[in-house]
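I opened the notebook to record what I looked up in this structure. The entries follow in the order I made them.

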Amino acid sequence: MMFVTFFSLFSFSGVDNSRFNIPHLDKAVHFTFYMVMVILGFMALVRNKEHIDSSLKWLKYIVLFSIMYGIIIEVIQGVATVNRHGDFLDALANFTGAIIGMLLIRFWFFRNRSLK
């Protein structure tokens with residue numbers, strides 16, 4: 001969380017990034033950060049497989065928290081920073097990353113297990 005907060009609010013105005021001229025790279029970074037945030041948040045709360053079935057509600061809370069967190073960070077960027085600005089597309093990338101993270105968790109941990 002501190003990593004995402006720092007890099008969301010830190011000004012990179014003096015950093016030379018001319019070597020990396022990839023269009024919309026920042027959207028891919030937003031997507032990746034929030035996808036990983038949801039996955040790591042879920043993994044931190046569910047440490048053993050015995051509690052996985054009861055933790056679906058926690059996954060929903062983690063996704064909701066990360067989406068709200070992303071929106072709040074974008075608003076703070078627009079209001080409280082000088083060299084940064086809030087962007088709707090960044091918030092959309094945050095949202096999409098959180099949803100994909102949730103879908104990956106559901107695929108990995110909540111698959112229907114076959115009867116023995």
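How much area does the protein expose, and what share of it do carbon and sulfur atoms supply? I read about 8,400 Å² exposed, with 68% supplied by carbon and sulfur atoms (Shrake-Rupley method, 1.4 Å probe).

I noted that this is a predicted model, where local features need pLDDT of at least 70, side-chain atom pairs count only at pLDDT 80 or more, and totals for chains, interfaces and linings use all residues. Residues are numbered from 1 along each chain as its sequence is written, and side-chain values use heavy atoms, with hydrogens and water left out.

Next I looked up the secondary structure: four helices and zero strands (DSSP runs, H or I of at least four residues for helices, E of at least two for strands, numbered from the N terminus). Of the 116 residues, 31% are buried (under 20% relative accessible area, 1.4 Å probe, protein chains only).

I then turned to helix 2 (residues 25–45) and helix 3 (residues 56–80), which pack at about 145° with axes 10 Å apart (axes are lines fitted to C-alpha atoms over the stretch in contact; angles run from 0 to 180 degrees between N-to-C directions). His30, Tyr34 and Met37 are among the helix 2 residues in the contact, and Gly70, Ile73 and Glu74 are among those of helix 3 (contact: heavy atoms within 4.5 Å).

Last, I checked Asn94, which lies in helix 4 (residues 88–109). Asn94 is buried, at 1% relative accessible area. Leaving out residues up to four places away in sequence, Asn94 touches His30, Tyr34, Gly70 and Glu74.

Notes:
Buried < 20%, exposed > 50% of the residue type's maximum accessible area, 1.4 Å probe, protein only.
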